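Me: Could you take a close look at one part of this model for me? I'd like to hear about the largest cavity and what lines it.

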Amino acid sequence: MVTASVTVPSSPIPNSAPATTHVRVHQNHVALPLRREVLKGLALCPLILVAPHSQAREIEVGSVLPPSPSDPSFVIFKASTKDTPALRAGNVQPYQFILPPTWKQLRIANILSGNYCQPKCAEPWVEVKFEDEKQGKVQVVASPLIRLTNKPNASIEDIGNPEKLIASLGPFVTGNTYDPDELQETSVEKIGDQTYYKYVLETPFALTGTHNLAKATAKGNSVVLFVVSANDKQWQSSQKTLKAMLDSFQI
């Protein structure tokens, strides 16, 4: 195991106090018990929706979202109650991330959106999903906290270490199954009072793509997982952009 510590300033967020980010990175070579799970339709879901909730759907997001204050070459998506059933129900706290202006928001099948089970969903659901055919795709997946721990309002540290969390949520990164050998790197990031677990995975059999990055945190009633996926061609040309998108995600 290789361990390193780095202290970097966190990305500025409008109307919030500056914070310091502490990152602990360590290479993973530990075999963990594999909990096999299958999430049918997560990666290849039908693009149907009962009613649209966001102006950004079906068009390039650059035409409706504002430029990112930290990098005008990206736009910033700030989720609000108009975007997802879980946000309207108060089960997920508002989150934000940057993405290139050419990306498009995809519609989420009603059965995958959690619309049918809010406010007491027992299984994870898909919050939002964006894609660019040349660069890759991102999605936000939320899991009810009670699925992972019995402690109310638990922090992500209360649930366990990064390896334990990804063993439970890995199938929602890959779209099918998760093997601990696919985990290449983990890190722990602190932004203000919020802790995030970050992952780098090589997933040759994943439905989402052969390259996956993920970032997870817990707040309120849910664990929120941000997933960035790409195939080999997309990764080769766009990995810098995809990593920037991952780094920008926060609640």
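Reply: Here's a walk around the cavity, with a short stop at the disulfide afterwards. Keep in mind that this is a predicted model, where local features need pLDDT of at least 70, side-chain atom pairs count only at pLDDT 80 or more, and totals for chains, interfaces and linings use all residues. Residues are numbered from 1 along each chain as its sequence is written, and side-chain values use heavy atoms, with hydrogens and water left out.

A cavity here is a set of points, on a 1 Å grid over the protein atoms alone, where a 1.4 Å probe fits but cannot get out, and its lining residues have an atom within 4 Å of a point. The volume is the space filled by probe spheres set on the points, which are joined across faces, edges and corners. The count comes to one cavity of 30 Å³ or more, and the largest has a volume of about 30 Å³.

Around the largest cavity you'll find Pro124, Val141, Ala142, Ser143, Leu169, Phe172, Val223 and Leu225. Strands are DSSP runs of E, at least two residues, numbered from the N terminus. β7 (136–144) and β11 (222–230) each supply at least two lining residues, and β7 gives the most, with three. By class, the lining has seven nonpolar residues, one polar and no charged (nonpolar: Ala, Val, Leu, Ile, Met, Phe, Trp, Tyr, Cys and Pro; charged: Asp, Glu, Lys and Arg; polar: the others, Gly among them).

As for the disulfide (a pair of cysteine sulfur atoms within 2.5 Å), a search of the whole structure finds one. Cys117 and Cys121 form it, with their sulfur atoms 1.8 Å apart.

Methods: On a 1 Å grid over the protein atoms alone, a cavity is a set of points where a 1.4 Å probe fits but cannot get out, and a pocket is an open set with protein on both sides within 12 Å along at least five of seven lines; lining residues have an atom within 4 Å of a point. Helices (H or I, at least four residues) and strands (E, at least two) are DSSP runs, numbered from the N terminus.
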